Amino acid sequence: MSGIDMGLVAGVLAATLCAPLALAAWRMLRGPAVADRFVAFDMLTAVAVAFSALTAVATGRSGFLDVALVLSLVNFVATAAFALFLERKGRG
Amino acid sequence: MTTLAAILLMTLGVGFLLVAAIGLVRLPDALQRMHSATKAGTLGTALVILGAMLLGEVARPSTGLLTILFLLVTLPFGAQLLGRAAYLSGTPLADIDDDPLAPEVAADRTVDPVTSSPPAARTDSAR
């Protein structure tokens, strides 16, 4: 409707989003404690949700927003499970 | 106009995610990293979804609103669980010399060592 190519915009934003992905992956690989890796996992899922929203914009398929919803649902369950595991595992 | 607002929101969201990732790398201890990742990261994700939702032909509003609502509802739970687990697992904290909770946690450990007891009882009584 207005002459902006939304696919291009979404592509540029997704390319920018590769930087948070790489940084979080670095923290996940490096992270001195297990807690750091779990925090990085949380961040990775947030980036994945944003990626799927941008994919919905780029392709025009609203099904990718359902993917975002399911990812955020799974993210919460995974965070709770990881936190419980870490708490039970205790020191180390 | 709506398209411009959507692009602005999505750019802002990606910026917040970038800031959250930078904080995740640069902050000194696990609790501060958790703070950066959960707060700024969730705000960035919610902004990106809001921007995608504003482009009316792309999305059904219900799914996007549900996603944002769910993110905002589960954010405090996830952050609190992660922070509690990070603290209880004994990760080193930066710049905290006298930890007021340390004696209680140590006492809890000596009464009920993690390695030998069924851990479910410990976590349930701790709540």
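Okay, so let's start with M10(B), which sits in helix α1 of chain B, the one running over residues 2-26. Keep in mind that we're looking at a predicted model here.

Buried or exposed, then, for M10(B)? Buried: M10(B) has 27 other C-beta atoms within 10 Å, and the cut-off is 20 or more, so that's why it gets the label.

Who does M10(B) touch, if we skip the neighbours within four places in sequence? From its own chain there's V48(B), G51(B) and A52(B), and across in the other chain there's L13(A). For a sense of distance, take A102(B), which is 92 residues from M10(B) along the chain. The C-alpha atoms of those two are separated by 43 Å.

Now, that L13(A) contact brings us to the two chains together. How many residues does each chain put into the contact? Chain A puts in 48 residues and chain B puts in 49. On the chain A side, the elements giving two or more residues are α1 (6-30), α2 (34-59) and α3 (63-89). The most comes from α2(A), with 16 residues. And what's that side of chain A made of? We've got 33 nonpolar residues, eight charged and seven polar.

Last thing, confidence. Chain A has an average pLDDT of 85, with 93% of the residues scoring at least 70. Within chain A, α1(A) comes out highest at 89, while α3(A) is lowest with a mean of 86. The usual caution goes with this: where pLDDT is low, don't read the predicted coordinates in detail.

Terms used: Residues are numbered from 1 along each chain as its sequence is written. Chains are lettered from A and ligands numbered from 1 in the order in which they are written. This is a predicted model: local features need pLDDT of at least 70, side-chain atom pairs count only at pLDDT 80 or more; totals for chains, interfaces and linings use all residues. Helices (H or I, at least four residues) and strands (E, at least two) are DSSP runs, numbered from the N terminus. A residue is buried if 20 or more other C-beta atoms lie within 10 Å of its own, exposed if 12 or fewer, and partly exposed in between; C-beta atoms are placed from the backbone. Two residues are in contact if their C-beta atoms, placed from the backbone, lie within 7 Å. Ala, Val, Leu, Ile, Met, Phe, Trp, Tyr, Cys and Pro count as nonpolar, Asp, Glu, Lys and Arg as charged, and the others, Gly among them, as polar. pLDDT is the predictor's confidence in each residue, from 0 to 100.
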